[in-house]
Amino acid sequence: MSFELENQSVIVTGAARGIGRVISQRFAALGARVSGWDLDTAPISDDPRIDLADAAAAGLGSDFARQLSAARQAAERAASIDAPLLLAQARLAESRAHRVLGQLDDAEQAASEGYQLYDGLGHPAGSAEAATEQANVRFERGDLEEAAA
């Protein structure tokens with residue numbers, strides 16, 4: 001059986017250890033945005049995927065400062081464990097938050113870094129998402145010609 005989970009959101013209870021942790025990791029590997037819940041948060045507190053889920057939730061709730069903070073935390077944690085795909089996802093989350101907050105230079109820098117990471121990994125869907133984010137930043141800036149390129 002095959003599941004299409006790219007960009008889908010899933011909630012996993014009991015995600016700190018055992019089967020719940022394995023399920024969370026598998027969903028994340030298949031491209032899902034995972035929100036892991038558990039009474040015991042110690043084993044998952046340093047996982048950049050948790051920060052990415054928090055960033056996504058904050059963005060949905062229009063708390064863009066929290067979105068930016070969580071995305072930055074995810075980027076730091078992803079870099080520390082040498083997880084370039086998670087780092088690329090975090091940089092795009094940062095870009096979205098910066099863009100909505102009107103910090104367009106920072107947004108463009110983060111989107112560019114996300115694009116470079118995805119491109120270097122040979123991840124066409126991620127590269128396309130990052131290129132779209134770059135175009136959105138340029139559009140927000142009023143540079144319509146560059147956004148359309």
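A salt bridge is a side-chain nitrogen of Lys or Arg within 4 Å of a carboxyl oxygen of Asp or Glu. Side chains of opposite charge can pair when their charged atoms come close. This model is predicted. The structure holds ten salt bridges.

Three of the pairs are listed here, with the N to O distance for each.

| Acidic residue | Basic residue | N to O distance |
|---|---|---|
| Glu94 | Arg91 | 2.7 Å |
| Glu113 | Arg91 | 2.9 Å |
| Glu129 | Arg96 | 2.3 Å |

**Arg91 and its partners**

Start with Arg91. Its side chain meets that of Glu94 in a salt bridge. Both residues lie in helix α4, which covers residues 84-100. They are three residues apart, about one turn of the helix. Both Arg91 and Glu94 are buried.

Arg91 also forms a salt bridge with Glu113. Glu113 sits in helix α5 (residues 104-121) and Arg91 in helix α4, so this pair ties together parts that are 22 residues apart in sequence.

How exposed are the two ends? Arg91 has a relative accessible area of 13%. Buried means under 20%, so Arg91 counts as buried. Glu113, at 27%, is partly exposed.

**Arg96 and Glu129**

Helix α4 holds Arg96 too. The side chains of Arg96 and Glu129 meet in a salt bridge. Glu129 belongs to helix α6 (residues 124-141), so the pair ties together parts that are 33 residues apart in sequence. Glu129 is partly exposed, at 25% relative accessibility. Arg96 is partly exposed, at 25% relative accessibility.

**A network**

Salt bridges can also be linked in this structure: Asp105, Glu108, Arg138 and Arg141 form a network of them.

Terms used
Residues are numbered from 1 along each chain as its sequence is written. This is a predicted model: local features need pLDDT of at least 70, side-chain atom pairs count only at pLDDT 80 or more; totals for chains, interfaces and linings use all residues. Side-chain values use heavy atoms; hydrogens and water are left out. Helices (H or I, at least four residues) and strands (E, at least two) are DSSP runs, numbered from the N terminus. Buried means under 20% relative accessible area, exposed over 50%, partly exposed in between (1.4 Å probe, protein chains only).
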